[in-house]
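Please examine the model shown below, with attention to the ligand and its surroundings. The paragraphs that follow proceed from the overall arrangement of the protein to individual atoms.

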Amino acid sequence: MFKKILIANRGEVALRIIFACRELGIKTVAVYSEADENSLHVRYADEDICIGPARSADSYLNVPAVISAAEVTGADAIHPGYGFLAESAYLAEVCEACHIKFIGPDPQVIRLMGDKARARRVMKKAGVPILPGSEGLIESEEKALKVAKDIGYPIIIKATAGGGGRGMRVVRSAGELPQAYKTAQREAEAAFSVGDVYVEKYVESPRHIEFQVLGDHYGNLVHLGERECSIQRRHQKLVEESPSPALSEKIRRRMGGIVVDAAKAVQYRNAGTFEFLMDPDGRFYFMEANTRLQVEHPVTEMVTGIDIVKEQIRVAAGERLSFKQSEVVFTGHSIECRVNAEDPDTFVPSPGLIHVFSVLSGPGVRVETLAHSECTISPYYDSMIAKIITHGRDRSEAIARMRRTLEMSVVEGIKTNIPMHLRILVDPDFVAGKLSTSFMERFLARPRPDGRLAEAV
Ligand code: MV4
């Protein structure tokens, strides 16, 4: 087992990794930027080392700084968390060259999944359902028009280096295509320095459903069921849950089997997520795979009782997965609300000093946060300040526990989106489990009890 792990991250996920390390008896090294000197991950790590100024590009995204910190402190592994360098095949390669274990999949697998057109091809070959679309990249407008004509409109043009919604254009007719093609390419080139795009049939108002997998270095690979993440705004997830209200045990078993076979086909190791679109008729299509721990991993932990971060560390150290697929039992229902430091109506970030922070835990409630009373939320990083995760015997108990917890939470000094979450939790469609990626658009367009249209305020 590792003796010392460097955590190349900040915030609640850095703390989450520290918890896992402490439980496994592994020493920790926190890295931090000048803006994070007084943060909890620094306080609770065994050692800490400043890696640069507040700007992420100069600190948490700086590979030489992270590697030097690991060398200087004698860390034998690096956990990247999520965001920042978590899906950097380059960091994984440099780790390999420096004989530091990267806690994540092999660099080749990170690279494969980072190329969405290639991932699509490989997944198709492995028997995973994909949407009709181009075989690979689309090199010209003419080729895009031909594929679109074959599969029928609407179509979506996607950046192969994309993800998270950047470099995407929906096209509803041939007339719109040339402009959309150019825009998608230009956007992709600007965002990822790779302008390559591909084409897929566009699915209206799908659900976003993702499967969690875990694999070791001995060919053992399991799935931990799915998470429904349809409640998003501008590709930022707001509420996630497991299981999905849309999946039967039978479908879960079938999709789980497909995902396990596909992950085995690419020799997937460590934790990963296979994202699918589910169309209104209940059909699944592979969208992309994330080669990292995800923000919403706790809902899976709550329904399976498996500590995903500890498993990540164990398998990276060369241990076998501590359980078999047949031992994975799903119990009850779990929901996560992401609490952001932002105006609940305008979504404008609201960093600053938190005078009072109080979230009262209780049965079936878990709180993951970097915040505490008298802490400062930096404007330099993500606005997510806490995740509240509840578990119940069924979905309605999980919802009731979430409402109770949010209603009794006190955050003074900055604005948070807790009022928005409280409105989502009583929305009739949400309560009925009628979810889709269009949920937030409809939710925000609906008149509120106070007569306001949220997006208009
Ligand atoms: C799609 C789609 C509909 N049809 N692909 C958004 C982010 C990127 N991961 C892929 N995305 C989408 N791809 C086809 N063929 C709709 C989306 C999409 C979406 C997906 C999941 C969650 C929220 C979303 C919001 C808008 C669009």
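A residue is counted as near a molecule if one of its heavy atoms lies within 4 Å of that molecule. In this predicted model, 16 residues surround the ligand. The closest are K158, E200, K201, V203 and E288.

Where does the ligand lie with respect to the domains? The domain assignment divides the protein into domain 1 (4–103), domain 2 (132–201) and domain 3 (207–445). Domain 2 and domain 3 both contribute residues to the shell around the ligand, so the ligand lies between them. The C-alpha centres of domain 2 and domain 3 are 29 Å apart.

Three strands are also represented in this shell: β6 (155–163), β8 (197–201) and β13 (284–290) each provide at least two of its residues. Sorted by class, the shell consists of seven nonpolar, five polar and four charged residues.

The next step is to consider individual atoms. Which parts of K201, V203 and E288 approach nitrogen atoms of the ligand? For K201, a polar backbone atom is 2.7 Å from a ligand nitrogen atom. In V203, a backbone N or O atom lies 2.9 Å from a nitrogen atom of the ligand. E288, by contrast, uses its side chain, in which an N or O atom is 3.0 Å from a ligand nitrogen atom. Taken alone, the ligand exposes 520 Å², and the protein buries 89% of that area.

How values were computed:
Residues numbered from 1 in each chain as written. Predicted model: local features only at pLDDT ≥ 70, side-chain atom pairs only at ≥ 80, totals over all residues. Heavy atoms only, no water. Polar contact = N/O pair within 3.5 Å; in protein donor to acceptor, adjacent residues only side chain to side chain. Areas by Shrake-Rupley, 256 points an atom, 1.4 Å probe, with all protein chains shown as cover. Helix = DSSP H or I, 4+ residues; strand = E, 2+ residues; numbered from the N terminus. Nonpolar A, V, L, I, M, F, W, Y, C, P; charged D, E, K, R; others polar. Domains from an automatic or database assignment.
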